[in-house]
Amino acid sequence: MMQGFQGLLWVISLVLLAMAVFAFIDGAMRRTDAYPAAGKQTKPFWLIILGLTIAVNIYPIIFLQIAGLIATIVYIVDVRPALKQVMGGGPRWGRGGSSSDGPYGPFNGPR
């Protein structure tokens with residue numbers, strides 16, 4: 001019974017670490033000037049917070065893991081969409097279509 005619980009905690013810790021690494025990499029790839037333009041804290045602030053979250057998940061301290069999880073969720077749910085809006089959409093490596101594009105091409109006829 002205890003081994004199953006420890007295994008579950010290990011999986012949860014791994015998921016939290018993966019989320020924090022994703023948020024850190026995403027935050028590092030965004031332009032520095034986009035953060036204040038979106039009305040959010042600065043890029044170094046978010047990289048420090050998310051970097052500390054990664055460190056806390058590597059050396060788990062449950063209270064700090066919860067705080068890091070909250071910071072990661074705030075970044076993913078609030079900051080990231082605001083940055084995407086300010087920067088003009090998704091990442092640079094995306095398809096780059098217009099807003100009228102559907103999954104199989106443009107809705108408004110050929111270009």
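Accessible area here is what the Shrake-Rupley method gives with a 1.4 Å probe. Keep that in mind as you switch on the surface view: the protein chain shows about 7700 Å² of it, and 70% of that belongs to carbon and sulfur atoms. One more thing before we set off: this is a predicted model.

**Stop 1: the whole chain**

Switch to a cartoon view. You should find 4 helices and 2 strands. Follow the chain along its sequence and the pattern reads α-α-α-α-β-β. Now think about what is hidden: of the 111 residues, 24% count as buried. Contacts tell you about the fold too. Take those between residues at least 6 apart in sequence, and 65% of them join residues at least 24 apart.

**Stop 2: helix α1**

Select residues 2–29, which make up α1. How many residues does α1 have, and how far does it reach? It has 28 residues and reaches 41 Å from its first C-alpha to its last, close to the 40 Å expected at 1.5 Å a residue.

Next, colour Leu-16, Ala-20, Ala-23, Asp-26 and Gly-27, the buried residues of α1. Look at the spacing of their numbers with this in mind: an α-helix has 3.6 residues a turn, so residues three or four places apart point the same way. What covers these buried residues includes α2, α3 and α4.

**Stop 3: Met-19, a meeting point**

Stay in helix α1 and click on Met-19. Is Met-19 buried or partly exposed? It counts as partly exposed, because its relative accessibility is 26% and the buried class stops under 20%. Now show its neighbours. Leaving out residues up to four places away in sequence, Met-19 touches Leu-69, Thr-72, Ile-73 and Ile-76. Try the distance tool on Met-19 and Thr-72: they are 53 residues apart in sequence, yet their C-alpha atoms sit 7.1 Å apart in space.

**Stop 4: helix α4**

Select residues 62–87 to light up α4. Its 26 residues should span 38 Å at 1.5 Å a residue, and its end C-alpha atoms are 35 Å apart, which agrees. Turn the helix sideways and look for a bend: α4 bends by about 35 degrees at Tyr-75.

Tyr-75 is also one of the buried residues here. Select it along with Gln-65, Gly-68, Ala-71, Thr-72, Val-79, Arg-80, Ala-82 and Leu-83, which are buried as well. What covers them includes α1, α2 and α3.

For contrast, click on Ala-67, also in helix α4. Its relative accessibility is 38%, so it counts as partly exposed. From its C-alpha to that of Ile-49, 18 residues apart along the chain, you should get 10.0 Å. Then step off the end of the helix: α4 is followed by Gly-88, whose phi is positive, near 90 degrees.

**Stop 5: the salt bridges**

Show the charged side chains as sticks. The count comes to 4 salt bridges, and we'll visit some of them.

Start with Arg-30 and Asp-26, whose side chains meet in a salt bridge at 2.9 Å, N to O. Both Arg-30 and Asp-26 are buried. Asp-26 has another partner: its side chain also meets that of Arg-80 in a salt bridge, at 3.2 Å, N to O. This pair links distant parts of the chain, with Asp-26 in helix α1 and Arg-80 in helix α4, 54 residues apart. Arg-80 is buried too, like Asp-26.

Now select Asp-78 and Lys-40, which form a salt bridge with their closest N and O atoms 3.0 Å apart. Here as well, distant parts of the chain are linked: Asp-78 is in helix α4, Lys-40 is in the loop between α2 and α3, and they are 38 residues apart. Asp-78 counts as partly exposed, at 37% relative accessibility. Lys-40 counts as partly exposed too, at 24%. Which residues do shared partners join into one network? Asp-26, Arg-30 and Arg-80.

**Stop 6: a nonpolar patch**

Bring the surface back for the last stop. Select Ile-61, Ile-62, Phe-63, Leu-64, Ile-66, Ile-70 and Val-74. They form a nonpolar patch on the surface, with about 690 Å² of accessible area together. Zoom in on Ile-61, in the loop between α3 and α4. With 46% relative accessibility, Ile-61 counts as partly exposed.

Key: Residues numbered from 1 in each chain as written. Predicted model: local features only at pLDDT ≥ 70, side-chain atom pairs only at ≥ 80, totals over all residues. Heavy atoms only, no water. Patch = residues over 30% accessible without salt bridge, like charges linked within 9 Å, V, L, I, M, F, W, Y side chains within 5 Å. Buried < 20%, exposed > 50% of the residue type's maximum accessible area, 1.4 Å probe, protein only. Expected span 1.5 Å × (residues − 1). Bend = angle between axes of the 7 residues up to and from the residue. Contact = heavy atoms within 4.5 Å.
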